[in-house]
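Student: Could you take one part of this predicted model and go through it closely, following how it is built and what packs against it? I would like one connected account rather than a list.

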Amino acid sequence: MSKNSAGKVDPFADMPIWKVLTYIGLQATFFTALGVALWVIADGSQAPFIAFNWVETAHGLILAAALIAFSFAMAKAFPKYAEWLIRSQAANYSFLRHRISLGSIVFISLCAGIGEEALFRGGLQTLLGDHLPVPLALIVAAALFALIHFAQPLSSALIFAIGCLFGVIYWQTESLLTVMIGHAVYDIYALWALQEAMHELGVFEDASELEADQVLPDEAARETLASTQDTKGESP
């Protein structure tokens, strides 16, 4: 079984993609159900949990386009930082070691957009907003949103910032559909770009070499081992 960069066993690295998708689908289902439950507790039933209309759909697509354009521009402007960010996410996205299809990327992104926004914006932010000032409620929801991604500190800060952005948009528009679409469509681009960049940079090959170096003894250790075995062989 493969290990991540911290030397810990990584169950997702060699897991068949259908198992990864099943796990992600179940997680999204749980997040969505929990979000609806929190929304009901917050007495949000006075309005629909989510409303479907073309205006909110268009706003979601515009939000996604803006995030994609910003992400692309930042990667071009700061290539070294972008490479560091890509390499730092290898442990959390180890299932990309073996390329996955566009269909799988879309499924994963939809699960993230629907499940995470249902929980953190539709449910948690709504409930916290009943007991805290709304700005503080969305900050707390965004912090927990960043926390569940188990990312490196700087990556977590970016995820927190995106969570705050989604929180503000949800607060101002009261449209869960907008942030769900924005989140999901952006994730399709981000996950596809991440997979391409990881393989182009040889991130997983580097990790495999590191793992091999950790397992195999170095030259001096091999010579010592061989010398010890020779000595034992000469003993009566």
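Tutor: Helix α1 has 25 residues, which at 1.5 Å a residue should span 36 Å, and because its end C-alpha atoms are 36 Å apart, the expected and modelled spans agree. The helix covers residues 17-41, and Asp43, which follows α1, has a positive phi near 60°. Along α1 the buried residues are Val20, Leu21, Ile24, Gly25, Ala28, Phe31, Gly35, Leu38 and Trp39, and what covers them includes helix α4.

The packing of these two helices can be described by their axes, which come within 7 Å and cross at roughly 20°, with α4 made up of residues 102-128. An angle under 35 degrees counts as roughly parallel, so α1 is roughly parallel to α4. The crossing in which α1 passes α4 is left-handed, and the residues in this contact divide by class into 17 nonpolar, 8 polar and 1 charged.

From here the account can follow α4 itself, and in particular Glu117, which is found in that helix. Glu117 counts as buried because its relative accessibility is 0%. Leaving aside neighbours within four places in sequence, the residues in contact with Glu117 include Phe145, Phe166, Leu176, Val179, Met180 and His183.

One of these contacts, Val179, lies in helix α7, which runs over residues 176-201. Val179 is buried too, with a relative accessible area of 0%, and, not counting residues up to four places away in sequence, Val179 touches Leu63, Glu117, Phe166, Ile169 and Tyr170. Its C-alpha atom is separated by 9.0 Å from that of Glu56, although the two residues are 123 residues apart along the chain.

Phe166, which touches both Glu117 and Val179, leads on to the packing of α4 with helix α6, residues 153-173, where the axes are 11 Å apart and the angle is about 60°. That angle makes α4 oblique to α6, and the crossing of the two is right-handed. On the α4 side the contact is made by Glu117, Arg121, Gly122, Gln125 and Thr126, and on the α6 side by Gly163, Phe166, Gly167, Tyr170 and Trp171. By class, the residues of this contact are 3 nonpolar, 5 polar and 2 charged.

Helix α4 thus has a place in both descriptions: it is roughly parallel to α1, and it is oblique to α6.

Terms used. Residues are numbered from 1 along each chain as its sequence is written. This is a predicted model: local features need pLDDT of at least 70, side-chain atom pairs count only at pLDDT 80 or more; totals for chains, interfaces and linings use all residues. Side-chain values use heavy atoms; hydrogens and water are left out. Axes are lines fitted to C-alpha atoms, for helices over the stretch in contact, and angles run from 0 to 180 degrees between N-to-C directions. Helices (H or I, at least four residues) and strands (E, at least two) are DSSP runs, numbered from the N terminus. Angles under 35 degrees count as roughly parallel, over 145 as roughly antiparallel, 65 to 115 as roughly perpendicular and the rest as oblique. A crossing is left-handed if the near helix is turned anticlockwise from the far one by less than a right angle, and right-handed if clockwise. Ala, Val, Leu, Ile, Met, Phe, Trp, Tyr, Cys and Pro count as nonpolar, Asp, Glu, Lys and Arg as charged, and the others, Gly among them, as polar. The expected span of a helix is 1.5 Å times one less than its number of residues. Buried means under 20% relative accessible area, exposed over 50%, partly exposed in between (1.4 Å probe, protein chains only). Contact means heavy atoms within 4.5 Å.
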